[in-house]
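Colleague: Could you pull up the model so that we can go through it together?
Modeller: Here it is.

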Amino acid sequence: MKRKQKDLILNGITYLFSSFGMIVLLAIIIFIFSKGYKLLSFDLLVSDYYETIYDTRSETNPNFKEYENPNQNNSYFSKNWGIALKDSFNKENEKVVVITYIDEYSPFRNMIDTNNNNYVEIKIDQQINKIIAKDINDLYLFGLSTNGAKSMVEVLDNTVKIENMITATSGGGIRGSIITTLYLILLTLILALPLGIGAAIYLHELSNENKATNFLRSMIDMLSGVPSIIFGLLGAIVFIPFTSKILNANGGNLLSGALTLTIILLPIIIKTTEEALMTIPNDYRQASLALGSSQTQTTFKVVIPNAIPGILTATLLSIGRIIGESAALIYAIGTSIKDQVFLSEKSTTLAVHIWSLMSGENPNLELACTISIIILIVVFLLSMLTKYISKKITRF
Amino acid sequence: MDYFVRKHINEKQIRKKIIMDKIVKNIFMFITLLCASVILLIILFIAIKGISPFIKDYIINDQKYRVNFYRFISGDTWFVAPNIYGIGFIILNTLYVVFLSLIFAIPSSVLTSLFITKIAKKRLSYILIVIIELLASIPSIVYGVFGIGIITKLVKGLSNLFNYQSAGGISTLTTSLVLAIMIMPTITMLSITSIKAVKQDIENGSLALGATKTQTNFKVVLISAKSGIFAGIILGVGRALGEATAVSMVAGNAGSGPTFNLFATTRTLTSTMLMGLKETTGLDYDIRFSVGIILIFVILITNVILNFIKRKIGRMS
């Protein structure tokens, strides 16, 4: 009886601790999604991180007619100009006035840029920072975003001409970081796959099993134990000066990041490819050689085609690693977020974008969570796909 | 037929093939050498850069500064002001945080692997393995965000219970909890492999002797698999020591130490390297490479010690 109770307690503890992993995963998913889903939209993916500021003026409001009120909730409609405004908060938690509606014939669709006199269309979701306008009696009226949407609408309804208006796009988008991530994945795979597959083929197919080969293999194994921040240091002192000379860059750039990632990925690609090579039956090679083909022909026409599922697994693992890598890239590229991505300039991947958001003076947890959602979805999909493919590999 | 065969045994062609083979083999050997030499490259370049603060004079505000190696390695304060870089306490803090994270991670990972391999039904164990794999695939930056969003809040609540004013929950405990979550999948995966490798005969023998299933699991299976479990722990320690982003987000970068208070802010080697990285020249930048060398050494030495213990444990039975 005593033994049974003891067993019960031990089993209970086992059940309890085993649920820990599930609880943590659920907690992470629930937290990230509940915090980040609000900002998640297609606009986020395609818009710029930095605000674009427009400095505009209008012609004298010619038709001066009353526009139809769309009757939106929480927003104030200016029947004079055909726009609706509402109070909101921006990334830095400052009070801003956001345009929620613009009538089809509103003068806001044909504003004049004060710098170059071109026509500019003001769009929904832009913020109005400041308005200087004239009423019928040529008196100046001012509308400031700090006074709220209601007072700004009152100002607008009393005016016939906007002398100067500062509007800004909301910013906070991640288009630049997504492009950077894709660039880095492409560049790194172009560099890392040939090297990694080549080394794996040499170690498994071409070399003789001797001490030298084993030494090479253990050197490569040692790489997989090095923390990624150390690779970042290597990128900072070797690859940044090297790529700066090639690309005429000033400091970190995408190529230096790709080279650093290449080295991080080498042990993963070599190991996965070697495992795939091991599953290819020796009969295939012998049959190919017996038919008179050379070692090179056997390697390229028999071994590599049969190892393709393994190489695909290596590629997927690599992509997952590139998307998640942050410490190395902070050193090898830098942390400045960019909207325009160039090979020879600094930029951030999605992961480093989160780092920049969180290590700034005003940590933006919500946007960080939104980016985390994207990263998590991609990484989970890749992980599932890898599992599916590696199940297929074991067909031999 | 005869003509056909003779046409194919063409000496010139065979020689061409042999030369081609040699060329290809050499190209592939060169690639392999390149990949293998990277580790030497890393050590060499980081060492050169990391030694420079101790042998070179840095001019800051018209004054010459040089870091004293002994003070560097034994120091109990880290200031960004010149010449008081000390990382002795950071090494201790790092080891302490990793040790704590092991205390949190080992029970859950070992018991989870036992549950998956011996107790759970097939479908449940498959689901659990998927969960562990998903946890392993989550990037460290997401763990950092999770740490800031949730774990700091939990730790803050806990510290309030003890009437301790923590820095918004950013503390030693938070750091070690985040690390524990991150290394748990690693240890679990290796434990699963080693528990699966335990021979069925041993288990059957134990059951035949009258031990219950649970007793067998705990006293036979786990003991037989301890060598493999320890290998997982070694891997986990390596990962915990080198983990940078998530740790930097929740460690708090204390200026001095060592602190063994669970609710006080801490500072690890990696967070020291990562935080406040702005300029890419000067003493403040170069000293990070010295910290990098120390990090490599700490990882190497812990690995050697743990492997030694593993061999000792493996012999005991």
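Modeller: We can talk through the interface, some helices and the salt bridges.

Modeller: This is a predicted model, in which local features need pLDDT of at least 70 and side-chain atom pairs count only at pLDDT 80 or more, whereas totals for chains, interfaces and linings use all residues. Residues are numbered from 1 along each chain as its sequence is written, chains are lettered from A and ligands numbered from 1 in the order in which they are written, and side-chain values use heavy atoms, with hydrogens and water left out.

Colleague: How many residues does the contact take from chain B and from chain A?
Modeller: Chain B contributes 72 residues and chain A 73 residues, with contact meaning heavy atoms within 4.5 Å.

Colleague: And what area is buried between them?
Modeller: About 6500 Å² is buried between chain B and chain A, and carbon and sulfur atoms give 81% of that area; buried area here is the accessible area (1.4 Å probe) that two parts lose on being put together, summed over both.

Colleague: Which side chains meet in a salt bridge there, K387(A) and what else?
Modeller: K387(A) meets E133(B) at 3.2 Å, N to O, and the count between the two chains is one salt bridge, a term that requires a side-chain nitrogen of Lys or Arg within 4 Å of a carboxyl oxygen of Asp or Glu.

Colleague: Which element gives the most to the side of chain B that touches chain A?
Modeller: That is α2(B), with 21 residues, where helices (H or I, at least four residues) are DSSP runs numbered from the N terminus.

Colleague: Switching to chain A, what does helix α9 look like?
Modeller: Helix α9 of chain A covers residues 295–306, and its twelve residues reach 15 Å from first C-alpha to last, close to the 16 Å expected at 1.5 Å a residue; the expected span is 1.5 Å times one less than the number of residues.

Colleague: Which of its residues are buried?
Modeller: In α9(A) the buried ones include T296(A), V302(A) and I304(A), buried meaning under 20% relative accessible area, exposed over 50% and partly exposed in between (1.4 Å probe, protein chains only). The cover over the buried residues of α9(A) includes α4, α7, α8 and α10 of chain A together with α2 of chain B.

Colleague: What about T386(A), buried or exposed?
Modeller: T386(A) counts as buried because its relative accessibility is 11%. T386(A) lies in helix α13 (residues 365–393) of chain A and, leaving aside neighbours within four places in sequence, is in contact with T313(A), L316(A) and L317(A).

Colleague: Back to charges, how many salt bridges are there over all chains?
Modeller: The structure holds 15 over all chains. One of them joins E274(A) and R217(A), with the closest N and O atoms 3.0 Å apart. E274(A) lies in helix α7 of chain A and R217(A) in helix α5 (residues 211–224) of chain A, so the pair ties together parts that are 57 residues apart in sequence.

Colleague: Which residue does E203(B) pair with?
Modeller: E203(B) forms a salt bridge with K213(B), the closest N and O atoms being 3.3 Å apart. E203(B) counts as buried at 2% relative accessibility, whereas K213(B) counts as partly exposed at 41%.

Notes
Helices (H or I, at least four residues) and strands (E, at least two) are DSSP runs, numbered from the N terminus.
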